[in-house]
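Trainee: Before we discuss any label, could you show me the model and then take me through the criteria behind the wording?

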Amino acid sequence: MKVIKVKNYDELSKVAADIIADLLKENPKATLGLATGSSPIGLYQNLIKKYEKGEISFKDVKTYNLDEYCELPKSHPESYYSFMHRNLFSHVDIKEENVHIPCSEGSDLEKLCKEYNDLLHKASIDLQLLGIGANGHIGFNEPNTSFEQETFVVKLTEKTRKDNQRFFNSLDEVPTHAMTMGIKNIMQAKKILLVASGANKQDAVKKLLSGEVTESFPASVLNNHPDVTVIVDEEAAKLLND
Ligand code: GLP
């Protein structure tokens, strides 16, 4: 695992965007696995700037998002569909048909999971971007999810719902379930880029980099992947020994 330590969120966002931009320059038809949450917003802003300057294009890029809340219509401002369009897709030249986000609107969630999973089996993700939950979740794979798990509907832990409450008016409004790529799907990406920023991630970063691999801490599985880069800022890295 390669660890890049940076000063703050701004620098993290620049360094992460440079890694993705370099990949798109080398392979304009790359397939990206994308993430939501606060962590990637700055890097998406930097990618938009690079697109506006003509340095990169998303014309032939395909994307697959990690997860989506159940119970929220796509049009809800906090759906991950809305998040991705607001923070990246509406500002670049990506084709809507190349955008894939799990669809959790509908009564047959099993069928929708299978459809997304089948799409992932056909795709070959060149780079998967990840944030990390304070409890070590990646995507919405909560602690004690099997490393063999593929796309599924997960009941969110109270910790995760409380962490995400800041995006909603109250805890009651935070969905209780989400559809997420499983850990097995995430591990199939060729490269993984994880970004962690802020004091809230100190414990998670320490556990991730301790090297211990355990299903009680989902992100620890990344220690078994051959090509992972972790970018951490000073606050998130505070508990690491240099
Ligand atoms: C959310 C998302 C994850 C994200 C994590 C951290 O619940 N499902 O993909 O990595 O929480 O979010 P943030 O970056 O806002 O701390």
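Mentor: A residue is near a molecule if one of its heavy atoms lies within 4 Å of it. This is a predicted model, in which local features need pLDDT of at least 70 and side-chain atom pairs count only at pLDDT 80 or more, whereas totals for chains, interfaces and linings use all residues. Residues are numbered from 1 along each chain as its sequence is written, and side-chain values use heavy atoms, with hydrogens and water left out.

Trainee: Which residues come nearest to the ligand?

Mentor: Of the 13 residues around the ligand, Ser-38, Ser-39, Asp-67, Arg-166 and Lys-201 come nearest.

Trainee: What makes the approach of Ser-38 to the ligand a polar contact?

Mentor: A polar contact is a pair of N or O atoms within 3.5 Å; a polar backbone atom of Ser-38 is 2.7 Å from an oxygen atom of the ligand, so the pair qualifies. The pair formed by a polar side-chain atom of His-137 and a ligand oxygen, at 3.2 Å, therefore qualifies too, and a polar backbone atom of Gly-139 lies 3.2 Å from a nitrogen atom of the ligand. The protein covers 94% of the 390 Å² of accessible area that the ligand has on its own (Shrake-Rupley method, 1.4 Å probe).

Trainee: Why are strand 4 and strand 8 called paired?

Mentor: Two strands pair if DSSP finds at least two bridges between them; strand 4 and strand 8 (residues 177-180) have three bridges in the antiparallel sense, so they pair. Tyr-69 stands opposite Ala-178 in strand 8.

Terms used
Helices (H or I, at least four residues) and strands (E, at least two) are DSSP runs, numbered from the N terminus. A polar contact is a pair of N or O atoms within 3.5 Å; within protein, one must be able to donate a hydrogen and the other to accept it, and residues adjacent in sequence count only if both atoms are side-chain atoms.
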